[in-house]
Amino acid sequence: MSVLTRDEAQNRAKLLDVLRYTIELDLTTGDETFESSTVIRFAARTHGDTFVEIRPAALHSVTLDGEPVDPETLDDNRLPLTGLTAGEHELRVHASMRYSRTGEGMHRFTDPTDGETYLYTQLFMEDVQRVFAAFDQPDLKSVFELTVQAPDGWTVLANGITEHLGDGRWQAAPTPLISTYLVAVAAGPWHSVRTEHRGLPFGLHCRRSLAPYLDADTDELLDITRACYDRYHEKFEEPYPFDSYDQAFVPEFNAGAMENPGLVTFRDEFVYRSAVTDTERQTRAMVIAHEMAHMWFGDLVTLQWWDDIWLNESFAEYMGYQTLTEATRFHGTWTEFGVVRKPWGYDADQRPSTHPVAPENVDDTASALLNFDGISYAKGASALRQLVTWLGEKNFLAGINTHFARHRFANATLADFIDSLAAHTDRDVHAWADAWLRTTGVDTLVPALSGSNGDHTLTVDHHGSRPHRVGVGLYDLDLADENRHLTLRRRLEIDIPQSTPEPLGKRPALLLLNDGDLTYAKVRFDPGSFDTVRARLSGLPDPLTRAVVWNALRDAVRDGELAPAAYLETARAHLPHETDLALVQGVLTFASGQAADRYATPEQRPAALAALSALCRDLIRRTEDGDHPSLRLIAVRHFIAVAAHPETIAAWLADGTVPGGPELDPDLRWRVLARLAVLGAVDDAAITAELDRDPSATGREGAARCRAALPDAEAKRTAWAAMFEDDDLSNYLFTATAQGFWQPEQADLVANYVPRFYQDAVAVAARRGPAIADAAGRWAFPGHAVDPDTLRLGEQCLTDAHPIPALRRKLVDQLDDLARALRVREAHQG
């Protein structure tokens, strides 16, 4: 497919004003295609040539100003429009379009539970052309009028309020000016819950088979939605800009959610079929807050070109976490951000594929798609949190409101935003933006203490280029406390680079840079503080402080400065006393998925798994009183994941419960079965029986994951063919199969597939496109094979095989992580 370049978009924006789209979709024409008829009214400023994008199964007819245009002139996805004169024009396009099974364009899904079919659009970033003809770039905003013919019994949702005209025909209210990638349709026999808030229609929607689970959480979901809506109206002078607010939980969704104006789509795993932790509920609430923030950041004011992705995502990320903290019962959101989201940014920023938060050279849409990563989300949000610290929240919000007023229903750039902020402060915001948003990499802050007796000073060694305003926590041992907790003596705020050393008084037991986690940087410890951390980490009084410490230890492991075994020992000592769920989850995830599975050598791994099993047993014992169900659930899940022997978890499956609880719901049953499959303790008949018990879409994914995990040559051949040869798997079933295929315990069995991965992944990505390319590079990569041959084969693939950009980016990242794992192993052999 031809990708749109920035130069092409700029030239087309100079030529055209797009006035209105009138779109008719007929969803009743079969399982493979639907009919799409589009009328685009636009004006040309001068004489000229241009093109419109469409990717049809069949292009039936095209007219421009009533004159036929030969459909054969369609070149790939571009239909030339030549000889335009200055003035208004009308383009009519009728085509048959393909349904998608990869979460792109118009995705079609049939629920195995009840046979009902659901459709929804995901038009980001250039997939509108899979649904209707469009001038597909964000700065050609327009009004969209939509009519949909749907099967009887279906409901059609769209950006505006929809009306059923009879006989399956639905009409949506015209939109305000929005970008093409934000148009949304969701059609099917939805289960819907409707209400109003402040006169605005609110709706929640899901598949009928998930209705009981949505109903159980309706009050929580609507309470969070209302609270965020009200809080944003306290922050923003511009009112909510659309006519309704629907939230649809849709199947096989590739992202967490999508900020379509008036119709936010979420992955329907957020409709919980099984028990979840309170942190998972907090994550869902954050996504709700994040997407609502997009109604202003991204939808009302939209980036002009894809180099300013951060103007959408970083702001929504920051606002989501901050607003959730201010407006709901979830007050620990920044701890979860620190231990889960922020490391995503740190990791991405240390790979060869790193880029500035606001890059200057995003030449085309394929390049732009690669930048939806931990930098645009987590690093950008961290930068904004530092900006608020440096600028002051009052000035920050004043600048935001100026930005909205200047650019409502239009497009804006980084320069526009900085100008809006600069209008409300004497600080040099332009210099701040250059230092923070135009640079790459992670600064490192290292403390140096000097002095003696009660007269110590602090100097911070600053490895990097950005200015920082950071908290410095001085902690002393509480000698009166038999548990030897740490108490905060005082917290300083200092600017880095420093002008002079900071006086501290007596030497603290622990000096912690970035206490409060207000900047984005790796931190290290002085030797005395490091000893204190290893011995007293759980004695720190504040979860966010502990998150900063755990991140520092995580960074030290990744940088080869701390042995994975030492990290596991620290977790073994302190996690049984941890009270914050996000910290327990984050530490266990890194400990098992990285420290044990990748950084530990094969010889070290059994001891690592044993340590993690013992840690999880400690947590399970601690929660026997029933007062900590979320903590117990985390411990049970991780105990299952690291089980080296099948007996205990097989007994849980047979009994249908963990002794003392919880009972094994569908999620836990599939987790146990997957681990038993890895260990060779179940067969295909047991998997089939479980699928009969749970024939849902999630059950199908669980069965695919389990079958791919069986330590059997034929099972591996079947799974490989399903992923790389047959092209029948949906995006979710592909991912589930890939998750099961590679297992560290089965390295010898799958060794021959490691070299095959590169050639087969390149081929399937070329055939099936970016979504499957992403899944192949993320989940089907042989990450367990930490050896120089895997690295050499991957580097050769990048040089010789020409993978499409989405796969290339994933391979670059995976190979860099692999090289890092090799360095960590070499640093801590034996």
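1. Start with the α25/α26 pair in this predicted model. Helix α25 (residues 788-800) packs on helix α26 (residues 805-827) at about 155°, and their axes are 10 Å apart. With that angle, α25 counts as roughly antiparallel to α26, because the label applies over 145 degrees. The crossing of α25 past α26 is left-handed.

2. As for who touches whom here: α25 brings P788, T790, L791, G794, E795, C797 and L798 to the contact, and on the α26 side they meet R808, L811, V812, L815, L818, A819 and L822. Sorted by class, the contact of α25 with α26 comes to 10 nonpolar, 2 polar and 2 charged residues.

3. Next, have a look at α16 and α17. The axes of helix α16 (residues 629-642) and α17 come within 9 Å and cross at roughly 125°. That angle makes α16 oblique to α17, and the crossing of the two is left-handed. V636, F639 and I640 are the α16 residues in the contact, meeting T648, I649 and W652 of α17. The class split for α16 with α17 is 5 nonpolar, 1 polar and no charged.

4. α17 also has a contact with α18. Helix α17 (residues 647-655) and helix α18 (residues 666-678) have axes that come within 10 Å and cross at roughly 140°. So α17 is oblique to α18, and this crossing is left-handed. From α17, the residues I649, A650 and L653 meet R669, V672, L673, R675 and L676 in α18. By class that gives 6 nonpolar, no polar and 2 charged residues. Worth noting while you have α17 on screen: I649 meets residues of α18 and is also listed in the contact with α16.

5. Stay with the α17 to α18 connection for a moment. P662 sits in the loop between these two helices, and the peptide bond joining G661 and P662 is cis, with omega about 5°. Most peptide bonds are trans, so a cis bond is worth a check by eye.

6. Where is the other cis proline, P497, found? P497 is in the loop between β25 (486-496) and β26 (502-505). The bond concerned runs from I496 to P497 and is cis, with omega near 5°.

7. One backbone angle also caught my eye. F409 has a phi near 55°, a positive value in a residue other than glycine. Its place is the loop between α8 (393-407) and β21 (410-412). Most residues other than glycine have a negative phi.

8. On to internal space. How many cavities of 30 Å³ or more does the structure hold? There are 5 of that size, and the largest cavity has a volume of about 70 Å³.

9. The lining of that largest cavity is made up of W296, F297, G298, V301, T302, L303, L311, N312, F315, H403, A412 and F417. Both β20 (301-303) and α4 (309-327) supply at least two residues each to the lining. In terms of class, the lining of the largest cavity has 8 nonpolar, 4 polar and no charged residues. For orientation, H403 and A412 are both in the lining, and their numbers fall in the ranges of α8 (393-407) and β21 (410-412), the two elements joined by the F409 loop.

Notes
Residues numbered from 1 in each chain as written. Predicted model: local features only at pLDDT ≥ 70, side-chain atom pairs only at ≥ 80, totals over all residues. Heavy atoms only, no water. Axes fitted to C-alpha atoms, helices over the stretch in contact; angles between N-to-C directions. Helix = DSSP H or I, 4+ residues; strand = E, 2+ residues; numbered from the N terminus. Parallel < 35°, antiparallel > 145°, perpendicular 65-115°, else oblique. Left-handed = near helix turned anticlockwise from the far one by under 90°. Contact = heavy atoms within 4.5 Å. Nonpolar A, V, L, I, M, F, W, Y, C, P; charged D, E, K, R; others polar. 1 Å grid on protein atoms, 1.4 Å probe; cavity = no way out; pocket = protein on both sides within 12 Å on 5 of 7 lines; lining within 4 Å. Points joined across faces, edges and corners; volume = space filled by probe spheres on them.
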